[in-house]
Amino acid sequence: MTKICGDASNFATSALHGYSLIHRDLVRMVRGGVVRMHQGKEGKVAVVVGGGSGHYPAFAGYVGPGFADAAVAGDIFASPSTQAIESVARRAERGGGVILGFGNYAGDVLNFGIAAERLRADGIDTRLLATTDDVASANSDDIEKRRGIAGDLSVFKIVGAAAEAGLDLDEVEEVGRRANRQTRTFGVAFDGCTIPGEHEKLFHVPERKMAVGLGVHGEPGIAELDIPSPEDLARMLCDRLLKEAPEANNKRVAVMLNGLGSTKQEELFVLWDVLEPMLREAGLIVIAPLVGEYVTSLDMAGCSLTITWLDEELERFWRAPVDTAALRHAEIVGEPEAILEIEAETPIVYMRASSTEGRRGGACVAAVITHLSEALAKAEAELGHIDAIAGDGDHGQGMTRGSAAAAKAAKTASQAGAGPSTVLAAAADAWADRAGGTSGALWGAGLRAFSTGLDDNALPSGDHLSKGARLGMEAIMRLGKAKPGDKTLVDALVPFVEVLEEKFNASHAIAEAWRAGAETAQKAADATKELLPRLGRARTHGERSKGHPDAGALSLALCVKIVGEDLARLDAQGGRESRAAS
């Protein structure tokens, strides 16, 4: 539901008034819509666009130099009235005639058509331009029956530029009809939208499904499919439009990847990352692409792809300068630049350990990091859930990403023949780089410090591990400024190190000492549920975390437990080898 609504029956008008207050340098509100604050020159063709509200930035967001002279706004998903269209068009008219642009919907066709008749009756030459870009709404034999959806932006932008350039009414109309014939759109939805004031969505898409071929008035799609990978989604959108390429199949195209209301910009960027190469592979030259929200459907989750095949004139108007609230740029000049590949990192050259024992030790460290990564991947959801109680919920993901990168780096270093210290240092740097955030930095620094306690030319001994653990703890406490009782990983780390050193110094085997330390760490981590956080983001939601253990302490306890299991296994394996030798 709409959270900021007020009187639902007045929602569209209130939103339009608020928009007009914000963009008073560009528009002024009139009965039924908005007109340019500074009108075009006398004799200019007036481009008036419109339709139902709920599609912002369409249509009011496109009023300004280089685009529309005015926009008419109906109620949510409803055609504006004949009276509103006529009134707004009269205010926008500058003596050169009027183009009325709208999507091909029954109510819009009726109301814009009647308004055009009335304007003509008063001597104002008025032409109708109904967009028909939605390939899912009718087959190619009935193009005139298709809906107008996100292609409104492409067609009307070109029309607006043609009018701004001084073309007469016949010429602007012809440009508009040609742009419409050359424009195709196809979209998908992951969930429906909600009318302001209502509590239920107009339609629902089952979980893990997407509706294919949706409209922008809350209509469901024509089919439901499993949500595909970005690559498969891009391929479906691209293939569907390329099959509909117009006869004048020019290779230069305007392309828009449009979000429908609640699909995040970053998601669209991920989709564009795989879509753009597909367009190039199809031989298309993409001119000034747009990725973002341009024609929405309230809070609908989904996206659409629009392609307009350009000729020389259409391309000139697509590139032309525009100054509106939602689209603003100078004239776009020059050819599309060659795709710049991400610069490859210089491969790291690892120093090969000079002894067989050192290389074996490096392999052992790499194996332990791999086991650590596998355990953290299994615990990702649980750690994320605990972190979400009083944090941002990303701890599980961060630990999984960091440890996976560490395992990969450790394996690479080990295969190069590196010793324990170098392998662990490589893992530490990769962990910090991939995990990011406070946790990633602390784990990276801690493991880096730990690595300095190891010897590249020897198997890790008890002395090495005990020393490394203390160095890692000191680095984490120094950098993170945390101490026991702050409800952080330090609450598990400090008792672990203390018990490890105590048991090892009392002549316990390192595997046994480590196991004792790990058990203590787990108890300490569980006990953090009684603490209130005093550091980090969680401190502002301290009371919420009471009764729940700290995710960082739990992940630390899990990690030392996994290392302890590997040490015990290696210790048992060493014993078997000794008995076999004797």
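**Salt bridges, a hairpin and some unusual backbone spots**

Glu173 is buried, since its relative accessible area is just 18%, under the 20% cut-off. That is a handy place to start with this predicted model, as Glu173 has a charged partner: its side chain meets that of Arg127 in a salt bridge, at 2.5 Å from N to O. The two residues sit in distant parts of the chain, 46 residues apart, with Glu173 in helix H5 (residues 169-181) and Arg127 in strand E6 (residues 126-131). Arg127 is buried too, with a relative accessible area of 16%. Side chains of opposite charge can pair when their charged atoms come close.

The Glu173 and Arg127 pair does not stand alone. Salt bridges with shared partners tie Asp125, Arg127, Asp170, Glu173 and Arg177 together into one network. Across the model, the count of salt bridges comes to 35.

Another of these contacts runs between two helices. Arg470 pairs with Glu501 in a salt bridge, and their closest N and O atoms are 2.7 Å apart. Here, too, distant parts of the chain are linked: Arg470 belongs to helix H14 (residues 462-480) and Glu501 to helix H15 (residues 490-505), 31 residues apart. As for exposure, Arg470 is partly exposed, with a relative accessible area of 27%, whereas Glu501 counts as buried at 16%. A further salt bridge joins Lys483 to Asp486, with 3.8 Å between the closest N and O atoms; that value passes because the limit is within 4 Å. Lys483 is partly exposed at 46% relative accessible area, while Asp486 is buried, at 2%.

Lys481 brings up the backbone. This residue lies in the loop between H14 and H15, and its phi is positive, about 65°, although Lys481 is not a glycine. Lys481 is also exposed: its relative accessible area is 64%, and the cut-off for that label is over 50%. A positive phi turns up at Phe77 as well, near 60°, again in a residue other than glycine. Phe77 is found in the loop between E4 and helix H2 (82-92). Unlike the exposed Lys481, Phe77 counts as buried, at 14% relative accessibility. Such spots are worth a remark because most residues other than glycine have a negative phi, and most peptide bonds are trans.

Two peptide bonds go against that last habit. The bond from Tyr56 to Pro57 is cis, with omega near 15°, and Pro57 lies in the loop between strand E3 (46-53) and strand E4 (70-76). A cis bond also joins Ala58 and Phe59, where omega is about 5°. Phe59 is likewise placed in the loop between E3 and E4, so both cis bonds lead into a residue of that loop, given how strands are assigned here.

Earlier in the chain there is a hairpin. Strands E1 (residues 27-30) and E2 (residues 33-36) pair in the antiparallel sense, over four bridges. Within this pairing, Met29 stands opposite Val34 in E2. Two residues separate the strands of the hairpin, and Gly32 in the turn has a positive phi of about 90°. Gly32 is a glycine with that sign of phi, whereas Phe77 has a positive value without being one.

Definitions and conventions:
Residues numbered from 1 in each chain as written. Predicted model: local features only at pLDDT ≥ 70, side-chain atom pairs only at ≥ 80, totals over all residues. Heavy atoms only, no water. Pairing = 2+ DSSP bridges. Buried < 20%, exposed > 50% of the residue type's maximum accessible area, 1.4 Å probe, protein only.
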